[in-house]
Amino acid sequence: MIYLVTGGSGFIGSHLIERLLKNGHSVINIDNFDDFYNYQIKIKNTLESIDKNPDFEFSDKEADIKRLTVISQSDKYQLYYQDIRDKKGLETIFKNHKIDLVIHLAALAGVRPSIERPLEYEEVNVRGTMNLWELCKEFNVKKFVCASSSSVYGNNEKIPFSETDNVDRPISPYAATKKSSEVLGHVYHNLYHIDIIQLRFFTVYGPRQRPDLAIHKFTKLITEGQEIPFYGDGNTARDYTYIDDIIDGITKSILYLEAHSGVYEIINLGESEVITLSQMLGTIETTLGISAIKKNLPMQPGDVQKTNADITKAKTLIGYKPDTDFQNGIKKFVEWFLRK
């Protein structure tokens, strides 16, 4: 099979590509190496995902990505330095390859930054996604896995969050773009018979996690003896999901799409284990053997109080079975962090 993965040099994308290549598939990676965080991290992710030496002497972004593109080309793997907002650039890729299935992970991420840059989030997360569906329509690509987010639930009062819950009240532009893509996906499924699974990820963590996310940020600051920003009273809670379990859910979604037609499904991928901010911090402190220096701050606009996934549908429909509890997941993350 030939899979096109957008955002394949990011946290989740690089793990997915690593899994797909190990399973003998061919992969086309589209990534624009956005400056949301250091592009050098994405280069390292890419090299690790294709089992190349991650040591890389950096000079400047354009030159480094050009070198990376040359290094990474093979019969099984192609890397394109490409923005999904550029439909003509995407079209060239679709023309050059017979794509069996698209896994769309590329997005501008983050709740708080979306409040400051809402129009840019709309351009990438909505228009960019529509560009891909338009090209799937044009080039007869009928299978599509799309990354959504638990943020679409907002401050949902019903616990745990189910795919049948009303999600018409997002509380951040980021969440609104993900909800929009879910709705638009159904349009393309209905009009053009593209089989689509929308995966609502619940707070993914593990090796290669973005450095701006709480677990990575807290671990780094604690080891450096710096203050950590601690928002609220510590009772906000998240359904943290380890990266290996997320990759298992994505690959099982791919298999389901390949075996079925007439599919449009929204599926939660979580761990169903709710961890408070205080518990998360305590687990990191215990694992590191270092106490944190907290800087208490008020809750931030757009942050939800709690997430908790009902994963009954994922278990029933695709055979999803997360098996990494939070303590073991943090242990694996810290081991990776201290090695890198």
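Accessible areas are computed by the Shrake-Rupley method with a 1.4 Å probe, and for residues only the protein chains shown count as cover. On that basis the protein chain exposes about 14900 Å², of which carbon and sulfur atoms supply 49%.

This is a predicted model, in which local features need pLDDT of at least 70, side-chain atom pairs count only at pLDDT 80 or more, and totals for chains, interfaces and linings use all residues. Residues are numbered from 1 along each chain as its sequence is written, and side-chain values use heavy atoms, with hydrogens and water left out.

**Overall form**

The protein chain contains 12 helices and 13 strands; helices (H or I, at least four residues) and strands (E, at least two) are DSSP runs, numbered from the N terminus. Its radius of gyration is 19 Å, close to the 20 Å of the globule rule for 340 residues, so the chain is as compact as a globular protein of that length. The radius is taken over C-alpha atoms, and the rule is 2.2 Å times the number of residues to the power 0.38. Of the 340 residues, 54% are buried, where buried means under 20% relative accessible area, exposed over 50%, and partly exposed in between (1.4 Å probe, protein chains only).

**Nonpolar cores**

A nonpolar core is a set of buried Ala, Val, Leu, Ile, Met, Phe, Trp, Tyr and Cys residues joined through side-chain atoms within 4.5 Å. The largest has 69 residues, and Ile 12, Ile 103, Phe 201 and Ile 250 touch the most other members. Helix α9 (residues 243-259) contributes the largest share of this core, 7 residues. Apart from it lies another core, of 27 residues, including Ile 28 and Val 124.

Contact means heavy atoms within 4.5 Å. Leaving aside neighbours within four places in sequence, the contacts of Phe 201 include Ile 12, Ser 149 and Ile 250. Ser 149 is found in strand β5 (residues 143-149) and is buried, with a relative accessible area of 7%. With the same neighbours left aside, Ser 149 is in contact with Tyr 174, Lys 178, Leu 199, Arg 200 and Phe 201.

**Backbone features**

A cis peptide bond, with omega about -5°, joins Ile 159 and Pro 160; Pro 160 is placed in the loop between β5 and α7 (173-192). Two residues that are not glycines have a positive phi, as tabulated.

| Residue | Phi | Loop | Relative accessible area |
|---|---|---|---|
| Phe 33 | about 50° | between β2 (26-31) and α2 (39-49) | 0%, buried |
| Asp 51 | about 60° | between α2 and α3 (61-72) | 71%, exposed |
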